[in-house]
Amino acid sequence: MMRITATLITLAALAGCGADGDPIRPTANVNVGVGTSGTSAGINLGLNKGPWNLSLGRHL
């Protein structure tokens, strides 16, 4: 799983530099919630270019 995550981050960094045209904007979100049933956490990584959006999320 770490190898896939590292590959996705590397590809996002290369695509974000804009060497092949308009840059692809990488996004990252971290969510932490506290409620009566305990705490929860999640992470979301994504790529945006024009109307297209690709994202990968995980609840921890």
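Buried means under 20% relative accessible area, exposed means over 50%, and partly exposed is in between (1.4 Å probe, protein chains only). Keep that scale handy for this tour.

**Before you click**

This is a predicted model: local features need pLDDT of at least 70, side-chain atom pairs count only at pLDDT 80 or more, and totals for chains, interfaces and linings use all residues. Residues are numbered from 1 along each chain as its sequence is written, and side-chain values use heavy atoms, with hydrogens and water left out.

**Stop 1: the whole chain**

Show the cartoon. You should find 1 helix and 3 strands, where helices (H or I, at least four residues) and strands (E, at least two) are DSSP runs numbered from the N terminus. Walking from the N terminus, the elements go α-β-β-β.

Now switch on the surface. Its accessible area is about 5,100 Å², with 63% belonging to carbon and sulfur atoms; areas come from the Shrake-Rupley method with a 1.4 Å probe, and for residues only the protein chains shown count as cover. Of the 60 residues, 8% count as buried.

**Stop 2: the sheet**

Select the strands. They make an open sheet of 3 strands in the order 1-2-3, with antiparallel pairing; two strands pair if DSSP finds at least two bridges between them. Strand 1 and strand 3 (52-59) are at the edges, each with a single partner strand, so one side of each has no neighbour in the sheet. From one strand to the next, the twist averages 15°. That angle uses axes that are lines fitted to C-alpha atoms (for helices, over the stretch in contact), and angles run from 0 to 180 degrees between N-to-C directions.

**Stop 3: strands 1 and 2**

Select residues 25-35, which are strand 1, and then 38-49, which are strand 2. The two run antiparallel and are joined by 11 bridges. They form a hairpin with 2 residues between them. At one bridge, Gly35 is partnered by Gly38 in strand 2.

Next, click Gly33, also in strand 1. With 23% relative accessibility, Gly33 counts as partly exposed. Neighbours within four places in sequence aside, Gly33 is in contact (heavy atoms within 4.5 Å) with Gly38, Thr39 and Ser40.

**Stop 4: strands 2 and 3**

How many bridges join strand 2 to strand 3? There are 8, and this pair runs antiparallel. Their hairpin has 2 residues between the strands, and in it Gly50 takes a positive phi near 60°. Look across from Lys49 and you'll see Trp52 in strand 3.

Then pick Asn48, which lies in strand 2. Is Asn48 buried or exposed? Asn48 counts as buried, at 17% relative accessibility. Not counting residues up to four places away in sequence, Asn48 touches Ile24, Arg25, Thr27 and Asn53.

**Stop 5: the nonpolar patch**

Finish by selecting Val30, Val32, Val34, Ile43 and Leu60, which make a nonpolar surface patch of about 570 Å². Patches are made of residues with over 30% relative accessible area and no salt bridge, joining like charges within 9 Å and nonpolar side chains (Val, Leu, Ile, Met, Phe, Trp, Tyr) within 5 Å. A salt bridge here is a side-chain nitrogen of Lys or Arg within 4 Å of a carboxyl oxygen of Asp or Glu.

Strand 1 supplies the largest share of the patch, 3 residues. Val32 lies in that strand 1 and is exposed, with a relative accessible area of 68%. Val30 has Ile43 as its bridge partner in strand 2.
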